[in-house]
Amino acid sequence: MKRSQHSATGVAAILFFCIVSFAVGAQEQYTVTDMRGKSITLPKELERIATIDDGFVEAVMTHLGVIDKVVAIGSWSMKRDYTYSFVTGSGEHYTYSKGWNTMKYLHPWLNDLPCINSPQGNILSYETLAQSNPQLVILRVGDCTVGSGNREAVEKTISTIEAMGFPLLVLYSPSWYRNSDLTSMNEEMAVLGRLFHQEDKARALAAYLRSTIDLIQERTQAIPESKKSRLLMLGLNPNIRTKGGTGSVWGIDTPESYIIESIAHAKNAFRENGRGKILNIEQIYALDPDVIILPTSNGYHPPREILEGPDFSLLSELRAIKNRRVCAMPWTPMNCSRRVEYPLDMLIIAKAAYPELFSDIKIHEVALQFYKDVYHVDDATARGLRSAQWLDWTVENDF
Amino acid sequence: MTSKSKSSAQKLTMIVVLLLILVVGTLWALTAGTYDISAEETYHILRTKLMGGSEEELSKLHTVIIWTIRTPRVLLAIITGVAFALSGAAYQACFRNPLVEPYILGVSAGAAFGAALGIMFPTIIRSMQLSAFGFAILAVALSYAISKTRGRAPVITLVISGVVIGSLFSAMVSLLKYLAPDAQLREITFWMMGGFYYATWKDVILTAPFVAVVFAIIFLTSWKLNILSMGDEEARTLGVHPERYRLLYILSTTLVTALCVSQVGIVAWVGLMAPHAARMIFGADNSYVVPAGALLGALFILLCDTMARTIASSEIPIGILTSVVGAPFLIYLLRSKGKTLYG
C-alpha cells in the first residue's frame, strides 16, 4: 500500500513537472508578425541578430537599448570613414573628414562585425551570414543592400535566407511602397517594438519623430500660394560635371519633394517627375529658386562649395546664391530609404524655406536634443554625432 | 597507326584529361567558401541528395549552403562557360573572323538595356531576367534584319549592323544610367559586371537543356563549321548551304548566350578566349575546338567564380576577374603558340 502510494506520488510529480516544463517552454517562445504578414516564432531571449539595412534598424535598436544583440550587419556605411574635399576659386582647400553614419559613431564595435554585403553594395554573402549564426535576420527591403528596384532579387534573397533555416523578419521601407509620406516607417518601428517586447516605447519613438512633422506643418500650412518659397534640391555629384551637367534635381514625385511641398508648404522649383535628373547651368538659371538645398550626392556638399567653388562660378548670378540662401543636408551615405534622423532633414528644409517662421528653432540645438532623446546619449556624444554628420556649419552660422 | 590517328588519340586523351580536371575543379569549388564545411561532409550531403538517403542526419544549414547556394552556382558557372565558349567558337567560324565573340551582334548591349529597364521600372517590368532576355534577342533580330538584303545576310554587313545595333542599345543603357538614381545606377552597374550570386536551381534547370541541345547540334555538325570557315563559295562547292547553317548557328548560340546573360549579367572574355585557347592547344579543327573550348570555358569561369567568392572577405564581381585572369593567359598562349597557328 505504502509502495503504491509512493508510486502514485511519483507519477503525479513527474506529470506536474512535465506540465510546468511544457508551460515554461511555451512561454520561452513568442511570435512576431512582420510586414509581409508572416508570423515568425522566436526564442524569448534573442541574443544574436543579423541586420540587413543602412542603419535604420540599428537606430531603433539603439533607442530600445538592444543594439548589443547585433552580430552581423549588411551595409558598409556603418564601417566607412568618409572624406570629401574641394578647392574654392581662390585656391583654398577644404577637406571634410570623418563623415560617419550615426551608428558607426555611436557603436564603433559595429566596425568589427562581419558585413554580409560587399563594400560596393548589392552582393550578399550568405556564407558570411551563416558564419555569424544569427537567431534572427532582420531585412529592411528598400535600403541600399537589398533595394526595391529588383523585386526578383528581393524574392531570391528572402527565399535563400529562409531556406538556410534562419528566422527572417522583413521590414518594408517607404521606398518599397513608393510612399513619400513616410507613414510606413511607423509600422516598421512598431514591428521592431513587438520584436523586442517594447511596443509602447517604439510607438512613442514614432510619435516623437512625427511631432516634428506636426510642428512644421502647423507653422507653414497657412502660407498663401503666392508667398511660398521655391526650393531646389540640387545634388552636386562630381561625376555629373564630367557628363556636361552642373547638378541633379529631385522632381515632384519624390519623397524630398513631398517634404518640401506637403510638410514645409514650400514649392519644389523643379516641376517635373523623376529624381537625380541632370540639369545644365542654363536650365538651373531658368528655375531660379529662392533657396538651394544641397543633399548628400556622391559626396558631402557644403554651401561653400557652390558659393565659392570654381565649378559653380557661372551660377553666381542665381538669386539663391546672390542672397546666400544655400543649406546643406546632414551627411547621409548609403541612405537609399528614409532613416530615423528624418525630422532633422525636414527641419533644415523648413527653416531654409522660411527662416523667419523658424527663427526660434536653432538646428544645432535641436540636433543635440534629438540625439539625446533618440539615442539616450550625453551632451559630448551628441556634439560628436553632430560633427560626424557634418552639421557643424549650423553652429558656425547659428542656423 | 598513322601519325594523324596518333595525334587524334592524343587530342582525345587531352579532352578526357580536361574533363577530369573539370570534375575535380567542380568538387574543389563545392568545398571552397567563406563558410567552413569539410570535404567529407560536402561529399556526404551531395551523395545523399543525389543518390538518396536519410537527410535527417544532415545539418540543415550545411545542406542549404552546399545544395541550395553553392551547387547551383557552380553548375550555372559551368553551363555559362560552356555556352559562351560554344558561341565564341561558332561565331568565329561563321564570321571567319578570330576577333568576333558572342556579343558581336548586340546580345550584351540588348540584355543590358532590358535589365536596366527592369531595374528602373520594376512595377511595369516584373521580371528583369525576362526583360534582359527579350531585348537580347531583339537586338540580334534587328542586327540580322538590317543586314539582310535580297534574302541574304552577308557576313560583313551582319557584323556592321551588329556593331550599330550594339552601339544603339549601349547608348540607351548610358541614357538610363544617366537618368538613374544612385541606388538603381549601382544595381545596373553591378548587373553589367556580371556575377553568379543569385544563381538558383531554377536557373540551372532552365539553362542546362538549351545549352546541352546547342552543344549537341554544334558538336555533331562541327565539320560543317570547318567548311563554313573556309568561305561561302567553298562551302557551296562542298554542298553546304552557308546561309542556312550560319543562321542555325547564330540563332542557336544567340539563344543560349542571351539566356545566360539574362541570368548572370555580362561576363566578358570567355567567348573570345576559350575557343582561341582550344585552337592553340588542339589546332583549328572544330571537332576538337568545340568540346575543348566548352571545357576550357567552363573551367575558366569556374576558376574565376570560385576566386570571386573566396579570395576576399567580400565578393569581387566576376567580370573583373575574367579580364585579370584571362588576359595574361591569352598573352601566354599567343606568345607560345600563336605563331604556329596564326602564322
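This is a walk through a predicted model, stop by stop, with a selection to make at each one.

**Stop 1: chain A as a whole**

Select chain A and zoom to fit. Along its principal axes, the C-alpha atoms take up a box of roughly 105 × 45 × 40 Å. Colour by secondary structure and you should be able to pick out 17 helices and 14 strands. If you also colour by accessibility, buried residues account for 58% of the 399 residues in this chain.

**Stop 2: a four-stranded sheet**

Stay in chain A and select strands β4, β3, β7 and β8. Together they make an open sheet, in the order β4-β3-β7-β8, with parallel pairing. Which strands stand at the edges? They are β4 (70–72) and β8 (168–172) of chain A; each has a single partner strand, so one side of each has no neighbour in the sheet. Tilt the view and look at the twist: on average, neighbouring strands here are turned by 30° against each other, direction ignored. As a reminder of what holds such an arrangement together, strands of a sheet pair through backbone hydrogen bonds.

Now narrow the selection to residues 49–52 of chain A, which is strand β3. Are its faces covered or open? Both are covered: A:Ile49 and A:Thr51 are buried on one side, and A:Ala50 and A:Ile52 are buried on the other. Add β4(A) back in, and you have a parallel pair joined over two bridges. For a landmark, put A:Ala50 and A:Ala72 in sticks; A:Ala72 belongs to β4(A) and stands opposite A:Ala50.

Next, slide over to strand β7 of chain A, residues 136–141. How many bridges join β7(A) to β8(A)? There are five, and the two strands run parallel. Here the landmark is A:Val137, with A:Leu168 of β8(A) opposite.

**Stop 3: a closed-off space**

Time for the voids. Searching the whole structure for cavities of 30 Å³ or more turns up three. The largest cavity holds about 130 Å³ of space. To find it, select A:Asp54, A:Gly55, A:Asn101, A:Asn335 and A:Arg339, the closest to its centre among the 17 residues that line it. What classes of residue make up the lining? Four are nonpolar, seven polar and six charged.

**Stop 4: the second largest pocket**

Bring chain B into view as well. The second largest pocket has about 760 Å³ of space in it. Its lining numbers 38 residues, and the ones nearest the centre are A:Asn150, A:Glu152, A:Lys156, B:Met128 and B:Gln129. To frame the walls, select α5 (151–163) of chain A, then α5 (128–147), α7 (182–193), α8 (201–220) and α11 (242–264) of chain B; these elements each give two or more residues to the lining. Which element gives the largest share? That is α5(A), with seven residues. Colouring the lining by class gives 17 nonpolar, 13 polar and eight charged residues.

**Stop 5: a covered helix**

Back to chain A: select residues 342–353, helix α14. Turn on a surface and hunt for exposed positions, and you'll come up empty, with twelve of its twelve residues buried. The buried set includes A:Asp345 and A:Lys351, alongside residues such as A:Leu344, A:Met346 and A:Ile348. Try a distance label between the end C-alpha atoms as a sanity check: they are 17 Å apart, which agrees with the 16 Å that twelve residues should span at 1.5 Å a residue.

**Stop 6: two positive phi values**

Select A:Arg324, in the loop between α13 (319–322) and β14 (326–328) of chain A. Its phi is near 55°, a positive value in a residue other than glycine. Is A:Arg324 buried or exposed? It counts as exposed, at 53% relative accessibility.

Then jump to A:His376, in the loop between α15 (363–375) and α16 (379–388) of chain A. Phi of A:His376 is also positive and near 55°. With 47% relative accessibility, A:His376 counts as partly exposed, since the exposed class begins over 50%.

**Stop 7: two residues in chain B**

Finish in chain B. Select B:Ala116 in helix α4, residues 107–120; B:Ala116 is buried, at 0% relative accessible area. Its C-alpha atom is 9.6 Å from that of B:Ser174, 58 residues apart along the chain.

Last, pick B:Leu22 in helix α1, residues 3–31 of chain B. B:Leu22 is buried too, with a relative accessible area of 9%. Draw a line from its C-alpha atom to that of B:Val140, 118 residues apart along the chain, and the separation is 32 Å.

Key
Residues are numbered from 1 along each chain as its sequence is written. Chains are lettered from A and ligands numbered from 1 in the order in which they are written. This is a predicted model: local features need pLDDT of at least 70, side-chain atom pairs count only at pLDDT 80 or more; totals for chains, interfaces and linings use all residues. Side-chain values use heavy atoms; hydrogens and water are left out. The expected span of a helix is 1.5 Å times one less than its number of residues. Buried means under 20% relative accessible area, exposed over 50%, partly exposed in between (1.4 Å probe, protein chains only). On a 1 Å grid over the protein atoms alone, a cavity is a set of points where a 1.4 Å probe fits but cannot get out, and a pocket is an open set with protein on both sides within 12 Å along at least five of seven lines; lining residues have an atom within 4 Å of a point. Grid points are joined across faces, edges and corners, and a volume is the space filled by probe spheres set on the points. Ala, Val, Leu, Ile, Met, Phe, Trp, Tyr, Cys and Pro count as nonpolar, Asp, Glu, Lys and Arg as charged, and the others, Gly among them, as polar. Two strands pair if DSSP finds at least two bridges between them. Axes are lines fitted to C-alpha atoms, for helices over the stretch in contact, and angles run from 0 to 180 degrees between N-to-C directions.
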